[in-house]
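Please open the model in your viewer and keep the selection tool at hand. The tour below goes from stop to stop, saying what to select and what is found there.

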Amino acid sequence: MAEGSSSLPRQTENESSFELTAEQQKNIELNRLRAKVRQREKEQELQASSSRNAHSKRPIGITPVSSTSPTRPGKPQPLKRDSRLGTYFEYDLSKMVNSKGGFLVDDGKEVDDAVLRKEKMRERQRMMQNLEPPIHLDPTLNPKCNECQSMDIDQAFKKVFACLVCKRCQNEKPEKYSLLTKTECKEDYLLTDPELRDHEVMPHLLKANPHKSTYANMMLFLRCQVEEFAWKKWGSPEALDAEYERRMVDKKKKKNRKFEESLKELRKRTKEGIWQKRKDDEHKHVFSAVQKGQDGVDKQVCHECGFTIEVEEF
């Protein structure tokens, strides 16, 4: 009896230690309800997948990537190269860098203020050199065109050729204000290179060569100045024409003389070649010793061609 009475209070202590609080019971009930909801959703999905539509087909479902099904979507494969497009290059646009349309990209480096100030000053000086001179308020102080007395003169002609002429007069009178190249001056007016290179005697305008940028600059001369210098050199336009005709005749004679000499040399080479070929083609017989033939006649035979001659020995 003593043992039974002593074990009863020990059981009540264990039961009191396993009692749950109200919050724990609430959490257990919520977890049980969530499990029921998930189970019900899974049963509905299985029932929907097993059901058939009007065409006796299963409904289309989206297979997630994490699924182990063989029909799960994989990584997108790159497009195959089309052989009909020929040879081409593939660029990764994600790795391309914006180069600002070919201009220098600002790398964030600090620029010295003194260097920047000097560069701006040089640019301002270049701009001042290219600026046209100002127009005076007094019309009598402004330079005017020699032809139409217009104040809208060409500043390039004024600086290079010291000629006051406007654009309209240049276009209307090309026989006086057109520009000539160095080749035209040498061929038409019979001027030499030293004369054309002297800027004090023959001022010229330099421009980039239109054929290739690496060639020498093109020299342009004003027609009226070229004609004036040519008249002084040759005396008159008639004397220039006479000199031009004389040079053309001499040039033609020289060309004909050169042609005759080359033709004569060709004939000489051809004649010598034919004569030498004939000499080389000539055959010299090399006869053997005199041999007695069957008919009793002495004969000699050439070793190379087999030519036979009859000989008589005394």
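Does Lys232 count as buried or exposed, and at what relative accessibility? Select Lys232 and show its surface: at 65% relative accessibility, Lys232 counts as exposed, where exposed means over 50% relative accessible area, buried means under 20%, and partly exposed lies in between, with a 1.4 Å probe and protein chains only.

Before going further, please note that this is a predicted model, in which local features need pLDDT of at least 70 and side-chain atom pairs count only at pLDDT 80 or more, while totals for chains, interfaces and linings use all residues. Residues are numbered from 1 along each chain as its sequence is written, and side-chain values use heavy atoms, with hydrogens and water left out.

**The whole chain**

Colour the protein chain by secondary structure, and ten helices and six strands can be found; helices (H or I, at least four residues) and strands (E, at least two) are DSSP runs, numbered from the N terminus. Of the 314 residues of the protein chain, 12% count as buried. If you switch on the surface, the protein chain exposes about 28100 Å², of which carbon and sulfur atoms supply 54%; accessible areas come from the Shrake-Rupley method with a 1.4 Å probe, and for residues only the protein chains shown count as cover. Among the contacts in the protein chain with a separation of 6 or more, 31% are accounted for by residues 24 or more positions apart, a contact being heavy atoms within 4.5 Å.

**Helix α9**

Return to Lys232 and add Glu228 to the selection, since the side chains of these two residues meet in a salt bridge (3.9 Å, N to O). A salt bridge is a side-chain nitrogen of Lys or Arg within 4 Å of a carboxyl oxygen of Asp or Glu, and by this rule the count comes to ten salt bridges. Because Lys232 and Glu228 are four residues apart in helix α9 (residues 223-234), they are separated by about one helical turn. Glu228 is partly exposed, with a relative accessible area of 46%.

Next select Phe229, which also lies in helix α9. Leaving aside its neighbours within four places in sequence, Phe229 is in contact with Leu191, Glu195, Val201 and Met202. Add Tyr189 as well: Phe229 and Tyr189 are 40 residues apart along the chain, and their C-alpha atoms are separated by 9.3 Å.

**Asp193 and Lys186**

Now select Asp193 and Lys186, whose side chains meet in a salt bridge (3.4 Å, N to O). Asp193 is partly exposed, with a relative accessible area of 28%, and Lys186, at 34% relative accessibility, also counts as partly exposed.

**Helix α10**

Move on to helix α10 (residues 237-281), and select Arg246 and Asp250, whose side chains meet in a salt bridge (3.0 Å, N to O). Because Arg246 and Asp250 are four residues apart in helix α10, they are separated by about one helical turn. Salt bridges that share partners join Glu243, Arg246, Arg247 and Asp250 into one network.

Then select Lys253, Lys254, Arg257 and Lys258, which form a positive surface patch. Patches are made of residues with over 30% relative accessible area and no salt bridge, with like charges joined within 9 Å and nonpolar side chains (Val, Leu, Ile, Met, Phe, Trp, Tyr) within 5 Å. Lys and Arg count as positive and Asp and Glu as negative, while His and the chain ends are not counted; the place of a charge is taken as NZ of Lys, CZ of Arg, CG of Asp or CD of Glu. Within this patch, Arg257 is partly exposed, with a relative accessible area of 47%.

**A nonpolar patch**

Select Phe89, Tyr91, Leu93 and Met96, which make a nonpolar surface patch of about 580 Å². Met96 is placed in the loop between α2 (22-50) and α3, and at 54% relative accessibility it counts as exposed.

**Two loops**

Finally, select Asn142 in the loop between α3 (113-130) and α4 (155-160). Asn142 is buried, with a relative accessible area of 8%, and it touches Ile135, His136 and Met151, not counting residues up to four places away in sequence. Gln149 is placed in the loop between α3 and α4, and its phi is near 60°, a positive value in a residue other than glycine. In the loop between α4 and α5 (167-172), select Ala162, whose phi is near 55°, a positive value in a residue other than glycine. Ala162 is exposed, with a relative accessible area of 66%.
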